[in-house]
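Please find below a short note on the model, arranged as numbered points. Each point may be read alongside the sequence and the 3D structure.

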Amino acid sequence: MNAYLQIIKPGIIFGNLISIIGGFLFASKGNINYFLFFIISLSISLIIASGCVFNNYIDCDIDKKMERTKNRVLVKGLIKSYISIFYAIFLGFLGFTLLYFNINLLSMLLAIIGFIIYVGVYSIYMKRYSIYSTIIGSFSGAMPPIISYCSVTNKFDIGACILFCIFSLWQIPHAYSIFIFRLSDYKSINIPILPIVKGILITKHYIIFYIILFTIFSLLLKLSGYVGYQYLLIIMILCFFWLSIACYGYKTKDDIVWARKLFIFSIIIIFIFNIMISIDYYHIP
């Protein structure tokens, strides 16, 4: 039973659940439909779990070669490959069915798009053949809070668009920091990630670039009238510290330690971001 839990990557589901809650509360603006909240959280979690199982199946050959993934369920043979496929299909079917019958068509379509991008475009092709896989993967990674937001509003408005950009942009420096402190692992499987193809210095340039874009779009959420000044103050301070840590990368003598710090702070900033959009919002007509 533990193997079936491990293969859905609970850590990823929990991380996404925080953003799902953030997107839902941001859209609800204090008028919380608890049944809708339960269904959207459960359905998106099931769909993410399905995508993770498919990803485990697709990546099984390269997981065998990486230190951090060599003990995964399929690598160790704790679950048969064909059973994992049926498991992934079952989880996805259940999640999409819940969306279709209990939420709205828009949320289901967004979930389908995100699922196809993650499993079909990112996992099967882009991850193995393109340095732009991180950008493509960020699109699917940004979908859960947007689906949650649209489950309440039933429309893809300016708020949803800004949120999508924010969550997409956050994931890129977050992922690049992982690439740097796990560089030896990625070199062993010869995947074309940015630090390997372009070098760590170029990756640091891109990290700063995307953090700046993240800051701009986070500010845009306030300028568009969706959030208040408490959000603005706290998020701008955090963005300043995030950017400062990123800039320190040019001085550091230990890229691994620096990248871990950047990675940890990226988790802190997105966690607090979700809290702030949940509590410091404006009522948009």
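1. In this predicted model, F263 touches H174, S177, I178 and F181, leaving aside residues up to four places away in sequence. F263 is found in helix α15. As for V152, its C-alpha atom lies 31 Å from that of F263, and the two residues are 111 apart in sequence.

2. Helix α15 covers residues 255-279. The expected span for its 25 residues is 36 Å, because each residue counts for 1.5 Å and the number of residues is reduced by one in the calculation. The C-alpha atoms at the two ends are 36 Å apart, which agrees with this expectation.

3. At the start of α15, D254 deserves attention: one of its side-chain oxygens comes to within 3.2 Å of the backbone nitrogen of I256.

4. Which residues of α15 are buried? They are W258, A259, L262, F265, S266, I269, I270, F273, N274, M276, I277 and S278. The cover over these buried residues includes α2 (10-28), α10 (158-181), α13 (200-223) and α14.

5. Helix α14 comprises residues 229-248 and contains I234. Is I234 buried, partly exposed or exposed? Its relative accessible area is 33%. Buried means under 20% and exposed means over 50%, so I234 is classed as partly exposed.

6. I234 also belongs to a nonpolar patch on the surface, together with L233, I237, F240 and F241. The accessible area of these residues together is about 490 Å². Patch members must have over 30% relative accessible area, and the 33% of I234 meets that cut-off.

Note on methods
Residues are numbered from 1 along each chain as its sequence is written. This is a predicted model: local features need pLDDT of at least 70, side-chain atom pairs count only at pLDDT 80 or more; totals for chains, interfaces and linings use all residues. Side-chain values use heavy atoms; hydrogens and water are left out. Patches are made of residues with over 30% relative accessible area and no salt bridge: like charges are joined within 9 Å, nonpolar side chains (Val, Leu, Ile, Met, Phe, Trp, Tyr) within 5 Å. Accessible areas come from the Shrake-Rupley method with a 1.4 Å probe; for residues, only the protein chains shown count as cover. A salt bridge is a side-chain nitrogen of Lys or Arg within 4 Å of a carboxyl oxygen of Asp or Glu. Helices (H or I, at least four residues) and strands (E, at least two) are DSSP runs, numbered from the N terminus. Buried means under 20% relative accessible area, exposed over 50%, partly exposed in between (1.4 Å probe, protein chains only). Contact means heavy atoms within 4.5 Å. A polar contact is a pair of N or O atoms within 3.5 Å; within protein, one must be able to donate a hydrogen and the other to accept it, and residues adjacent in sequence count only if both atoms are side-chain atoms.
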